[in-house]
Amino acid sequence: MLAIEKLQVNYGSITALRGVDITVAKGEIVAVIGPNGAGKSTLLLTIAGVVKAKAGSVKFDSRPILGLAPEKLAASGLALVPEGRHIFGSLSVAENIALGATPRSDRDGIAADTDKVLGMFPVLRDRYRQRAGNLSGGEQQMLAIGRALLSRPKLLLLDEPSLGLAPLIVKQVYDAIYALREQGLTVLVVEQSVNRALNAADRAYVMSGGAIAMVGRSSELQGTAEFDAAYFGAGQRDPGRSPA
Ligand SMILES: Nc1ncnc2c1ncn2[C@@H]1O[C@H](COP(=O)(O)OP(=O)(O)OP(=O)(O)O)[C@@H](O)[C@H]1O
């Protein structure tokens, strides 16, 4: 579904991605984990066409997509839920969800998909006519995912969906992600929360300093010294921090 090779991204003189290789198979949940500044958001923004790459290749469904506009990529089945959710606070929940369907014109299909989202996140149905800005952080995360689903994605890119949320809400959000996978969706999720990511994903990539430091099945990575070294950078472990 997604094949990334030797991806390099610079912001002026800063190299944010230095030759990243990642694959995601259809139906997988794959996590990219790493500390602040590792390049995780840059990776998702580059796949989604928001940030331009300097070198490398990204294939989505076997087609090269680097350089395509974000709207084109969205229309071809790729949806990004960015960090911070980017919902429109002054618009209602209904209007925010409808924005996800902007490229579509099949009214019946849109109504059916909206109903599906409201079934998945009942709290959004309760607050359907309310201002999205009044929702809690968890509800806004659900809204951002729901809006992305209205574009009928094949591949969902999620940037830190658990950030700032209470554990119970995080569980609800991930339960929804599992349910979506059961329906055939493929998910690439970026997380700083290591345990959450490894519990959720089939496979995980550890990113550090703009490069992939380690990759493996989630169950095999958890708790190993190699994983710890990859996450923190060999020899640079800060005793005040834990990957949990
Ligand atoms: N718009 C930008 N202009 C210049 N440098 C940037 C920009 N965005 C990110 N960077 C730099 O690129 C590197 C990777 O940042 P990125 O946000 O992708 O990391 P991250 O792993 O997502 O971290 P975080 O979890 O803190 O968002 C960092 O050194 C960051 O300071």
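This briefing describes the surroundings of a ligand and the packing of two helices.

The model is predicted, and local features need pLDDT of at least 70, side-chain atom pairs count only at pLDDT 80 or more, and totals for chains, interfaces and linings use all residues. Residues are numbered from 1 along each chain as its sequence is written.

**Around the ligand**

- The residues near the ligand (C-beta atom, placed from the backbone, within 6 Å of it) include Y11, I14, G37, K40, S41, T42 and Q192.
- Among the elements, which are DSSP runs numbered from the N terminus (helices H or I, at least four residues; strands E, at least two), β2 (14-24) and α1 (40-47) each supply at least two residues of this shell, and the largest share, 3 residues, comes from α1.

**Helices α6 and α7**

- Helix α6 (residues 137-149) packs against helix α7 (residues 167-182) at an angle of about 15°, with the axes, lines fitted to C-alpha atoms over the stretch in contact and compared by N-to-C direction from 0 to 180 degrees, lying 10 Å apart.
- That angle makes α6 roughly parallel to α7, a term for angles under 35 degrees.
- In the contact (C-beta atoms, placed from the backbone, within 7 Å), G138, Q141, M142 and I145 of α6 meet I169, V173 and A176 of α7.

**The end of α7**

- Just after α7, G184 takes a positive phi of about 105°.

Technical notes: Parallel < 35°, antiparallel > 145°, perpendicular 65-115°, else oblique. Contact = placed C-beta atoms within 7 Å.
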